[in-house]
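User: I have a structure here that is new to me. Can you walk me through it?

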Amino acid sequence: IAALMVASLSASAQEVGAFIKPMAGATLTTLTGDLDDLKMKIGFTGGVELGYQFHEMFALTAGALYTMQGARVSNSHTKYMINMNYLNVPVMLAVYPVQGFGIKAGAQFGFLMKAKQGDTDMKDFFKKSDFSIPVGLSYEFDDAVIELRYNIGLSNILKAEVDDEYSVFYGAKTDSKIRNSVIMLTFGYRIPF
């Protein structure tokens, strides 16, 4: 309790007004759905968010984040990595019930930039856009921000017209549904303007 009290004293109050927040960090990602033997893989995310603090308890942000996503596939017969890079655009509402501590949720649109398995281009197997619900927690101190976020993928990212070909090479069924699942840990810095 004493440590929490000291930490809350060092937290900075959220000042009303506009701000920009460069941010970078690590991702832990996988694909959920009808493909077997999916494991998580580590990646990178980085970008910037623009925000407006309406009140010390509420803020709205919109960002652009380059995010490495995908999954590892591993079983007794095969091991390979599906590497997917997205430009993600999250729009989030932040609520600060306690000074420095934020609870965040919103909507995110993702745009596929690259998809590969090793040197094989897999971009034609996947849809160009993705929709997810990001939820997260943040802690702010002296304008520095540490944030843990989970993006819940809602879109089936597998193209229907290539399901048959995908099933032959990668073990999915012809009516497979595959979604992104992303955990992000980032460090950012709020710059008022």
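The chat below goes from the overall make-up to the strands and then the core.

Analyst: First, this is a predicted model, where local features need pLDDT of at least 70, side-chain atom pairs count only at pLDDT 80 or more, and totals for chains, interfaces and linings use all residues. Residues are numbered from 1 along each chain as its sequence is written, and side-chain values use heavy atoms, with hydrogens and water left out.

User: OK. How many helices and strands does the protein have?

Analyst: There are 2 helices and 11 strands. Both are DSSP runs numbered from the N terminus: helices are H or I with at least four residues, strands are E with at least two. Along the sequence the pattern reads α-β-β-β-β-β-β-β-β-β-α-β-β.

User: Which strands does β6 pair with?

Analyst: Its partners include β5, β8 and β7. Pairing here means that DSSP finds at least two bridges between two strands. β5 (residues 79–98) and β6 (residues 101–117) run antiparallel, with 15 bridges. β8 (residues 129–141) is also antiparallel to β6, through 9 bridges. β7 (residues 120–121) joins β6 in the antiparallel sense over 2 bridges.

User: Which residues face each other there?

Analyst: Asn88 is opposite Gly110 in β6. Gly102 is opposite Ser138 in β8, and Gln117 is opposite Thr120 in β7.

User: What about the turns?

Analyst: The hairpin of β5 and β6 has 2 residues between the strands, and Gly100 takes a positive phi near 90°. β6 and β7 also form a hairpin with 2 residues between them, where Gly118 in the turn has a positive phi of about 65°.

User: Switching topic: how many residues are in the largest nonpolar core?

Analyst: It has 17 residues. A nonpolar core is a set of buried Ala, Val, Leu, Ile, Met, Phe, Trp, Tyr and Cys residues joined through side-chain atoms within 4.5 Å. Buried means under 20% relative accessible area (1.4 Å probe, protein chains only). The residues with the most contacts inside this core are Leu31, Ile82, Met84, Phe126 and Ile157. β4 (58–74), β5 and β6 each supply at least two of its residues, and β5 gives the most, with 4.

User: What does Met84 touch?

Analyst: Leaving out residues up to four places away in sequence, Met84 touches Leu31, Thr67, Met68, Gln69, Gly70, Leu112, Lys114, Ala115, Phe126 and Ile157. A contact is heavy atoms within 4.5 Å.

User: And how much of the whole protein is buried?

Analyst: Buried residues make up 43% of the 193 residues.

Terms used: Buried < 20%, exposed > 50% of the residue type's maximum accessible area, 1.4 Å probe, protein only.
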